[in-house]
Protein chains: 2
Amino acid sequence: MSFFRNKKILITGGLGFIGSNLAIRLVEKGAQVTIVDALISEYGGNKFNINPVKNKVRIEIVDVRDSNKMDKLVRRKDVIFNLAGTLSHIDSMTDPMTDLEINCKAQLSLLESVRNYNSKAKIVFAGTRNQYGKAQYLPVDENHPQEPTDINGINNIAAEKYHLMYFRVYGIKAVSLRMTNTYGPRHQMKHSRQGILNWFIRLILDGRTVQLFGTGKQIRDVNYVDDVVEALLLVAAADRGWGEAYNLGGTAVSLLDFVKRVIKINGKGKVKTIPFPIERKTIEIGDYIASCEKIKKTYGWKPKVDLNVGIAKTIEYYRHFKEHYWYTEKTDEK
Amino acid sequence: MSFFRNKKILITGGLGFIGSNLAIRLVEKGAQVTIVDALISEYGGNKFNINPVKNKVRIEIVDVRDSNKMDKLVRRKDVIFNLAGTLSHIDSMTDPMTDLEINCKAQLSLLESVRNYNSKAKIVFAGTRNQYGKAQYLPVDENHPQEPTDINGINNIAAEKYHLMYFRVYGIKAVSLRMTNTYGPRHQMKHSRQGILNWFIRLILDGRTVQLFGTGKQIRDVNYVDDVVEALLLVAAADRGWGEAYNLGGTAVSLLDFVKRVIKINGKGKVKTIPFPIERKTIEIGDYIASCEKIKKTYGWKPKVDLNVGIAKTIEYYRHFKEHYWYTEKTDEK
């Protein structure tokens, strides 16, 4: 993968969870990285995330919705990793318009910037398993119907479809990776609304009891963040497979099993199950297992990080750097 | 169908092509009709469209994006026919943000109004065959992949998905009819960007030559507007089938065949074929034939109006009321 040496890279949402882990890897590979992040309160952006490479990347505190600035930032880039966006079920239902702005309008605006000012760039978009809604069969492949249980899922469908259509109509090399529950270092730890796995880890580290709805046996297909970064790099370095969406995933585990592993690796902790609240029942997606055959066949990707190893690394990271993620009590979810 | 007697009905886009034909039928059936239309220049709205019932309906010149006004207008309605929106391929590609505003943001805003202020109402949404893009098999059923060749198609997918999700999550009785090329009286005749069939009729009535791309043998599945109105009424009067999308269609005909019929019924006219312009090639969808089995099984709908009868009625209408549709030369497409 010497592909990235001296390549000019733009990462939207680059101070966030996946973006910052990606930025660090790209710097290691000799790439010239520009990070765009709006650092919107409650979202995933955190300047500390890129501490190891802070003098080796360019940081632009810009909202992706600001098309004038994006028109300039997309120029002369070889690859654009488009990771800006929200992934909150609850926020999208209580404030649909903001979700629409960030997940549809900003994406479309970015694609227009690329089409007008840098149509040779490759774009890798972060889709989500949330696009599928409740699984109608397992494992879920890329042709599974897309019937989300929230507005966020629908807006992500639209954003992905814009990308793939810009390939079909304009020839822009866009691809989407539909990410599943990802955990690991550099995820925000202020609230539970953007990813439940890291939130469980926080609760255990805080000595609080994890409460799982129902039996706790609902299956999620989880990825350690390094495996996701590897997929992003593989896809961007390849010169094929554009205009398509690919599932990530590969490690199916129940929520209860995941939490039990966290407790075991941490040395202590508590978990209990409670009945589903009524308002969660209609949106519960049941079990989710991804088929990752398509990305395996096309790009040779498969996840490598063992679940226990990933959890241990995550716990270790937050034990060291807790003060940069826990913040004050005010920002905590009660 | 005495269902509609004294029912309170809201029609968004009610001064437009399908909305106005629907409003007239509903008044005949004894319904209390409120029309919402923004009368945006270049769109389909035209006050003359509802001339036969102008003293029997309430007209609100309101943009569906104005959520404060819509919050009030949705109250105490039994049925909402949600027909506001654009259907222009070209406009959506040259001005993606306006298409997003009207086809995503306004739809989501309307659904929020309904959820907050009238969650018992039924909502019938106008989807489009444009959601499918190029047909991968024929006839196209509702499970066909949705890979549009333009932004308008994608935004309509999102708008439809919002509606169906509001049924799944909130229990709001929403349904989508995916309309195909519809022709008939009350379609705007100022330009060709919102429906090609009526535009052909205008060209023939003006004595101009119709130019078809390629062989002219591309198949479209066409509906006369009365059949579409019938489908809207059937679905709204029923008490089942919510949360689903249904294809309309049922009369497959080549563009050349359609134009030849127009010429024959008109008594004169010219048509010729010309090579595809390069920029049209990538977005050409090829043949389209809809499977209408689902709506037939669920609601018993099938189109009844013979193609020649529909064309004759359309020609007759515009011969009578030309001055209300042709406008000045300035608004004509050259």
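These legends walk through several close-up views of a predicted two-chain model.

**View 1. The annotated domain of chain A.** UniProt, in an unreviewed entry, assigns residues 9-249 of chain A to "domain: NAD-dependent epimerase/dehydratase". In this predicted model the span is 37% helix and 21% strand. If you look for its two ends, their C-alpha atoms sit 25 Å apart.

**View 2. How the two chains are related.** Two copies of a chain are related by a rotation about an axis and a shift along it. Here, a turn of 180 degrees with a shift of 0.0 Å along the axis lays chain B on chain A, with an RMSD of 0.0 Å. That is why the relation is that of a two-fold axis. To find the axis from chain B, start at Ala158(B): its C-alpha is the nearest to the axis in that chain, at 3.0 Å. Both copies use the same surface, and 100% of the contact residues of chain B recur in chain A.

**View 3. Helix 5 of chain A, from end to end.** This helix covers residues 151-170. Its 20 residues should span 28 Å at 1.5 Å a residue, and the end C-alpha atoms are indeed 28 Å apart, so the expectation and the model agree. Is the helix largely enclosed, or open? Because 16 of the 20 residues are buried, helix 5 of chain A is largely enclosed by the rest of the structure. Just after the helix comes Gly171(A), with a positive phi near 75 degrees.

**View 4. A parallel pair of strands in chain A.** Strands of a sheet pair through backbone hydrogen bonds, either parallel or antiparallel. Strand 1 (residues 8-12) of chain A and strand 2 of chain A take the parallel option, over 5 bridges. A handy landmark is Lys8(A), whose bridge partner in strand 2 is Gln32(A). Strand 2, residues 32-37 of chain A, is mostly covered, with 5 of its 6 residues buried.

**View 5. The three-stranded open sheet of chain B.** This sheet has 3 strands in the order 7-9-11, with mixed pairing. Which strands form the edges? They are strand 7 (181-183) and strand 11 (252-254) of chain B, each pairing on one side only. From one strand to the next, the twist averages 50 degrees.

**View 6. Strand 9 of chain B and its neighbours.** Strand 9 (residues 219-224) pairs with strand 7 of chain B in the parallel sense, over 3 bridges. Look for two tyrosines here: Tyr183(B) stands opposite Tyr224(B) of strand 9. Helix 8 (residues 255-266) of chain B lies across strand 9 and strand 11, running at about 85 degrees to strand 11.

Technical notes. Residues are numbered from 1 along each chain as its sequence is written. Chains are lettered from A and ligands numbered from 1 in the order in which they are written. This is a predicted model: local features need pLDDT of at least 70, side-chain atom pairs count only at pLDDT 80 or more; totals for chains, interfaces and linings use all residues. UniProt positions are given in the numbering used here, feature names are shortened, and annotations may be inferred rather than shown by experiment. Helices (H or I, at least four residues) and strands (E, at least two) are DSSP runs, numbered from the N terminus. Copies are superposed by least squares on the C-alpha atoms of residues with pLDDT of at least 70 in both. Two residues are in contact if their C-beta atoms, placed from the backbone, lie within 7 Å. Two strands pair if DSSP finds at least two bridges between them. Axes are lines fitted to C-alpha atoms, for helices over the stretch in contact, and angles run from 0 to 180 degrees between N-to-C directions. The expected span of a helix is 1.5 Å times one less than its number of residues. A residue is buried if 20 or more other C-beta atoms lie within 10 Å of its own, exposed if 12 or fewer, and partly exposed in between; C-beta atoms are placed from the backbone.
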